Amino acid sequence: MQTLERIIAEHPFFSELDAQYAQLLTGCASNVRFDSGTYLLKEGEGANEFFLIRHGSVALEIFAPQRKPIIIQTLGAGEILGWSWLLPPYRWRFHARAVEPTRAISFHGKCLRTKCEQNHDLGYELLKRLAGVMGQRLEATRLQLIDVYA
Amino acid sequence: MPVAYALHHVSQETDDTFTLVLEPKDGRSPESFQPGQFSMVWAFGAGEVPISISGDPSDAAHLTYTIRSVGPATRALVSAEAGTSVGVRGPFGRGWPVDAARERDVVIVAGGIGLAPLRPVIYRVLANRNEYGRLTILYGARRPADVLFREELVSWSLLPETQALVTVDSGDLGWTGHVGVVTTLFRHAKLFPHDSVAMICGPEVMMRFVAQELQARGMAQSNIFLSMERNMKCAVGFCGHCQWGPHFICKDGPVFPYSRIRPLLDRYEL
Ligand SMILES: Cc1cc2nc3c(=O)[nH]c(=O)nc-3n(C[C@H](O)[C@H](O)[C@H](O)COP(=O)(O)OP(=O)(O)OC[C@H]3O[C@@H](n4cnc5c(N)ncnc54)[C@H](O)[C@@H]3O)c2cc1C
């Protein structure tokens with residue numbers, strides 16, 4: 001069986017992460033699984049987790065009054081879910097639902113924040129990686145906005 | 001002079017897109033074509049428009065087109081009934097590099113109606129499976145209802161050495177596939193960029209971003225090909241209607257290596 005620390009170190013989001021950081025992060029982590037159709041998180045609820053997706057697929061949904069709910073993005077193996085745990089008010093801005101049986105590593109948000117405050121090198125490392133993903137998602141959103149298939 | 005064809009049948013792909021299968025009225029075989037070539041298709045009374053051939057290049061009896069209804073000529077074509085006469089000139093233009101791609105992996109990236117001009121490449125690769133490496137098809141559409149050739153996409157995705165991934169810009173809750181622009185599919189694709197040839201078709205802005213993504217993944221510009229489907233009239237390089245910088249799309253293209261057209265593609269307006 002793979003140890004939690006090894007699973008974390010082998011996830012693409014943490015590729016080439018210093019072993020001491022992987023060890024620190026492991027203290028906040030647990031293995032989780034979701035049946036297809038269940039929600040990992042819901043809009044408005046407290047954002048206390050950060051997920052590394054290992055298997056499966058997760059749909060991010062937005063509900064707008066008088067309109068049908070839509071899926072704005074799907075995330076799969078090797079991707080991450082959620083950064084609302086990082087900044088106040090620590091609330092989710094969308095729903096996330098497993099569309100396939102999904103396995104992930106869940107980190108406790110407050111535990112991560114505390115470790116990052118105590119060890120700024122770890123915090124900077126984590127932020128750099130998160131900023132990279134945010135950049136990619138922002139670019140993808142821009143392409144969605146310009147309606148590239150029109 | 002256009003050759004007279006009869007509309008054999010029409011099938012509806014999406015709200016506004018239809019596939020038309022034509023057969024020659026004189027009973028002879030249509031001229032053979034290369035994947036990526038187009039015809040000038042004449043809807044009597046409504047004008048002549050360039051349309052890529054979307055059918056199987058080994059089908060010696062029919063010519064197949066997939067047409068999105070956007071204006072008078074395309075509307076007339078998609079609403080014609082079986083038996084209607086349609087004039088066809090061609091095939092014209094330079095198609096996809098299906099010969100140069102032999103022995104290598106083929107990566108197809110399409111957006112919207114752009115899958116139609118690439119479908120003949122897929123048929124060609126599948127009919128000559130041991131001459132090519134892996135086949136990867138990445139396809140993006142606006143909404144689930146806009147996905148072309150759904151059943152074929154599913155059947156291709158089940159074939160060995162073939163990956164077919166579809167994504168939409170936004171999905172309803174019944175959609176269980178990917179959501180995100182087509183470039184987000186690259187993360188799920190098994191690519192070997194140094195030994196692959198990529199063929200891209202879709203709106204220009206999409207092709208530009210896909211070409212950039214492929215380069216970022218290590219693919220050489222000379223192995224990336226795009227189809228520039230800007231409008232044209234004569235289709236043989238006389239009228240200048242489709243002149244684009246130094247190129248005539250009708251005879252130098254519509255398929256170009258990215259290395260040749262990159263400077264033009266990156267300019268705002270030309
Ligand atoms: C080489 C080539 C291959 C093509 N292959 C296909 C195909 O396989 N299937 C298909 O449906 N269409 C294809 N097209 C586009 C097709 O030729 C046009 O949609 C058609 O000419 C529109 O004619 P219309 O009379 O119906 O509409 P028009 O009144 O001429 O145009 C209606 C609207 O569509 C826009 N438009 C016209 N031509 C184009 C174009 N080339 N690209 C983007 N917008 C355009 C116009 O600006 C206008 O807004 C291809 C074009 C080229 C140059």
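**View 1. The residues around the ligand in this predicted model.** Welcome to the binding site: 18 residues surround the ligand, and the closest are B:Pro50, B:Arg68, B:Thr74, B:Glu229 and B:Arg230. Sorted by character, the shell comprises ten nonpolar, five polar and three charged residues.

**View 2. Polar atoms of the protein beside oxygen atoms of the ligand.** Let us start with the side chain of B:Thr74, where an N or O atom is 2.5 Å from an oxygen atom of the ligand. The backbone takes part too: a polar backbone atom of B:Pro50 is 2.6 Å from a ligand oxygen. At B:Ala73, a backbone N or O atom lies 3.0 Å from an oxygen atom of the ligand. How much of the ligand's accessible area does the protein cover? On its own the ligand has 890 Å² of accessible area, and the protein covers 67% of this.

**View 3. The pocket and the elements around the ligand.** If you are looking for the largest pocket, you will find it in the space taken by the ligand. In chain B, the elements that give two or more residues to the shell are β4 (47-52), β5 (63-68) and α1 (72-78). Which of the elements gives the most to the shell? That is β4(B), with four residues.

**View 4. Two domains of chain B in the shell around the ligand.** Zooming out a little, domain 1 (3-92) and domain 2 (105-265) of chain B each supply at least three residues to the shell. Look again for B:Pro50 and B:Glu229, which are among the closest residues to the ligand.

Conventions. Residues numbered from 1 in each chain as written. Chains lettered and ligands numbered in written order. Predicted model: local features only at pLDDT ≥ 70, side-chain atom pairs only at ≥ 80, totals over all residues. Heavy atoms only, no water. Near = heavy atom within 4 Å. Polar contact = N/O pair within 3.5 Å; in protein donor to acceptor, adjacent residues only side chain to side chain. Areas by Shrake-Rupley, 256 points an atom, 1.4 Å probe, with all protein chains shown as cover. 1 Å grid on protein atoms, 1.4 Å probe; cavity = no way out; pocket = protein on both sides within 12 Å on 5 of 7 lines; lining within 4 Å. Sits in = over half its atoms within 2 Å of the grid points. Nonpolar A, V, L, I, M, F, W, Y, C, P; charged D, E, K, R; others polar. Domains from an automatic or database assignment.
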